[in-house]
Amino acid sequence: MRAEDLHDAELPALFSNALSLWQLEPKNIILEINENGILEQNEQTSTVINALSIVGFRFALDDFGTGLSSLARLRSLPIDMLKIDQSFVRNMPHSQEDYEIVQSIAMLGKSLNKEVVAEGAEDEACLTLLKQLKIDRCQGYFYSKALPYESFIAWAQAH
């Protein structure tokens with residue numbers, strides 16, 4: 001979601017209508033907020049995020065570690081998932097510093113009962129380290145590049 005979306009007081013109602021129309025369960029939908037998207041967290045953005053959470057949507061804080069987000073936001077917002085930015089993950093096999101950053105974020109997320117996702121799992125060496133750190137989920141070219149919808153359906157059926 002874009003930062004501007006979080007200023008729209010109508011958003012929770014629009015999303016609730018879409019759930020009814022498409023007969024979807026909100027618990028199965030994860031809304032991603034870029035870490036920079038909540039920099040200007042104010043009463044309106046908090047109200048919108050909390051209203052969507054009450055409906056049952058889950059939230060992921062995307063690109064975690066790259067923005068200027070404060071740790072207080074992890075405490076004050078209904079964030080379910082931390083997505084570690086690929087700039088740290090992809091270089092882990094070659095950078096002790098990046099490994100330590102990923103490890104620290106993973107430990108922080110787990111200590112706060114957040115699901116931890118690593119973006120940028122590009123190769124076997126990286127995936128091995130992520131498994132050692134007990135990261136919950138991984139995204140990256142090791143599995144597949146981003147695909148158009150039709151190609152994704154075929155890929156998902158094959159895998």
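**Close-up 1. Ile33 sits across from Leu61 of strand S2.** This is a predicted model, and the view starts where two of its strands meet. Strand S1 covers residues 30–34, and 5 bridges tie it to S2. The two strands run parallel. S2 itself takes in residues 58–64 and is mostly covered, with 6 of its 7 residues buried.

**Close-up 2. On its other pairing, S2 meets strand S3.** S3 spans residues 81–84, and it pairs with S2 in the parallel sense over 3 bridges. Two residue pairs are worth finding here. Ala60 has Met81 of S3 as its bridge partner, while Leu61 stands opposite Leu82. Leu61 is a handy landmark, since we already met it opposite Ile33.

**Close-up 3. The side chains of S3 point two ways, and all are buried.** Which residues go which way? Met81 and Lys83 point one way from the strand, and Leu82 and Ile84 point the other way. Yes, that puts Lys83 among the buried residues. To count as buried, a residue needs a relative accessible area under 20%.

**Close-up 4. S3 also pairs with strand S4.** S4 covers residues 115–119, and 4 bridges join S3 to S4. These two run parallel as well. Look for Met81 again: in S4, its bridge partner is Glu115. Met81 is also the residue that partners Ala60.

**Close-up 5. Glu32 of strand S1 and its neighbours.** Is Glu32 buried or exposed? Neither label quite fits: its relative accessible area is 32%, so Glu32 counts as partly exposed. Leaving out residues up to four places away in sequence, Glu32 touches Met1, Ala60, Asp62 and Lys83. Two of those names should ring a bell: Ala60 has Met81 as its bridge partner, and Lys83 points the same way as Met81 from S3. For a sense of distance, take Phe152, which is 120 residues from Glu32 in sequence. In space, Glu32 and Phe152 are 20 Å apart, C-alpha to C-alpha.

**Close-up 6. Thr128 in helix H6.** Here we leave the strands for a helix that covers residues 124–132. Thr128 has a relative accessibility of 38%, so Thr128 counts as partly exposed. Val89 is 39 residues away from Thr128 along the chain. The C-alpha atoms of Thr128 and Val89 are separated by 12 Å.

**Zooming out. The whole chain has 7 helices and 5 strands.** Reading from the N terminus, the elements go α-β-α-β-α-β-α-α-β-α-β-α. How does the radius of gyration fit what a compact globule would have? For 159 residues, such a globule would come in near 15 Å, and the chain has 17 Å, which agrees. Along the principal axes, the C-alpha atoms fill a box of roughly 45 × 40 × 25 Å. Of the 159 residues, 37% count as buried. Residues 24 or more positions apart make up 59% of the contacts with a separation of 6 or more.

**The surface and its charges.** The accessible surface of the chain is about 9,400 Å², and 52% of that belongs to carbon and sulfur atoms. How many charged side chains of each sign are there? The chain has 13 positive and 23 negative ones. The centres of the two sets lie 6 Å apart.

Note on methods:
Residues numbered from 1 in each chain as written. Predicted model: local features only at pLDDT ≥ 70, side-chain atom pairs only at ≥ 80, totals over all residues. Heavy atoms only, no water. Helix = DSSP H or I, 4+ residues; strand = E, 2+ residues; numbered from the N terminus. Rg over C-alpha atoms; globule rule 2.2 N^0.38 Å. Buried < 20%, exposed > 50% of the residue type's maximum accessible area, 1.4 Å probe, protein only. Contact = heavy atoms within 4.5 Å. Areas by Shrake-Rupley, 256 points an atom, 1.4 Å probe, with all protein chains shown as cover. Lys, Arg positive; Asp, Glu negative; His and termini not counted. Charge placed at Lys NZ, Arg CZ, Asp CG, Glu CD. Pairing = 2+ DSSP bridges.
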